[in-house]
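Thanks for making room for this on the agenda. I would like to walk through one model with you, beginning with the overall fold and ending with a few individual residues.

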Amino acid sequence: QVQLVESGGDLVQAGGSLRLSCAASGSISSINVMGWYRQAPGKQRELVATITTGSSTRYVDSVKGRFTISRDNAKNSVYLQMNSLKPEDTAVYYCNAFVVTRTYGGMDCWGKGTLVTVSS
């Protein structure tokens, strides 16, 4: 019914930048909170940043001042600008959105992930 597709993951050197994108498609009536999570090898998935419909944002402490989340409601998309990347940012990054569908009501949706690798 609803698909989230991420893009933008890559191999980058420490100190570099990447911009992740995520687009939602399908039977969408509206999208509430959107966000990015990440999971490093051997670790649990953690919240990176979230953004509400009204563009209120929240970040995990480790990325504050380096990452910026934004969204385009007209395109059902969310973005994550990542600057000053560190090796510890290496992870699979997942897009998340709470989507209100035309058929099934509210659904918590996830993308399949995009790999970010930061070399030292």
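Before I point at any pair of strands, let me fix one term: two strands are said to pair if DSSP finds at least two bridges between them. With that in hand, and keeping in mind that what you see is a predicted model, we can look at a single example, in which D72 has S77 in β8 as its bridge partner. That bridge belongs to the pairing of β7 with strand β8, residues 77–82, which is antiparallel and runs over six bridges.

Let me step back to the whole chain for a moment. The protein has 11 strands and zero helices, and read along the sequence the pattern is accordingly β-β-β-β-β-β-β-β-β-β-β. The radius of gyration is 14 Å, close to the 14 Å that the globule rule gives for 120 residues, so the protein is as compact as a globular protein of that length. Along the principal axes, the C-alpha trace spans about 45 × 25 × 20 Å.

As for burial, 41% of the 120 residues count as buried, while the surface that the protein exposes comes to about 6,300 Å², with carbon and sulfur atoms supplying 47% of it. If we take the contacts between residues at least 6 apart in sequence, 55% of them join residues at least 24 apart.

Now to the sheets. As a general reminder, strands of a sheet pair through backbone hydrogen bonds, either parallel or antiparallel. The β7 and β8 pair that I began with sits in an open sheet of four strands, whose order is β1-β3-β8-β7 and whose pairing is antiparallel. The edges of this sheet are β1, residues 2–7, and β7, residues 67–72, each of which pairs on one side only. Direction ignored, neighbouring strands here are turned by 15° against each other on average.

The other strand I want to dwell on is β9, which is mostly covered, with eight of its 11 residues buried. Which strands does β9 pair with, then? One partner is strand β4, residues 28–39, which pairs with β9 in the antiparallel sense over nine bridges; within that pairing, Q39 has V92 of β9 as its bridge partner. Another is strand β10, residues 105–110, which is joined to β9 by six bridges and runs antiparallel to it, with V99 standing opposite M107. These two, β9 and β10, form a hairpin with three residues between them. There is also strand β11, residues 114–119, joined to β9 by three bridges, again antiparallel, and here A91 stands opposite V116.

That brings me to the cysteines. Where does the disulfide sit in the fold? C22 and C95 form it, with their sulfur atoms 2.1 Å apart, and the count for the model is one disulfide. C22 lies in strand β3, residues 18–26, and C95 in strand β9, residues 91–101, so the pair ties together parts that are 73 residues apart in sequence. The angle about the S-S bond is -80°, which makes the link of C22 and C95 left-handed. Both C22 and C95 are buried. C109, by contrast, is in no disulfide, and the nearest cysteine sulfur, that of C95, is 9.4 Å away. Is C109 buried or exposed? Its relative accessibility is 5%, and since buried means under 20%, C109 counts as buried.

Finally, I would like to compare two threonines. T50 is found in strand β5, residues 46–51, whereas T57 has its place in strand β6, residues 57–59. T50 has a relative accessible area of 11% and is therefore buried, whereas T57, at 40%, is partly exposed. Leaving aside neighbours within four places in sequence, T50 is in contact with V33, M34, G35, S56, T57, R58 and I69. On the same terms, T57 touches T50, I51 and I69. As for T57 and M34, they are 23 residues apart along the chain, and their C-alpha atoms are separated by 9.7 Å.

I will stop there, and I am happy to go back to any of these regions on the screen.

Technical notes:
Residues are numbered from 1 along each chain as its sequence is written. This is a predicted model: local features need pLDDT of at least 70, side-chain atom pairs count only at pLDDT 80 or more; totals for chains, interfaces and linings use all residues. Side-chain values use heavy atoms; hydrogens and water are left out. A disulfide is a pair of cysteine sulfur atoms within 2.5 Å. Buried means under 20% relative accessible area, exposed over 50%, partly exposed in between (1.4 Å probe, protein chains only). Contact means heavy atoms within 4.5 Å. Axes are lines fitted to C-alpha atoms, for helices over the stretch in contact, and angles run from 0 to 180 degrees between N-to-C directions. The radius of gyration is taken over C-alpha atoms; the globule rule is 2.2 Å times the number of residues to the power 0.38. Accessible areas come from the Shrake-Rupley method with a 1.4 Å probe; for residues, only the protein chains shown count as cover.
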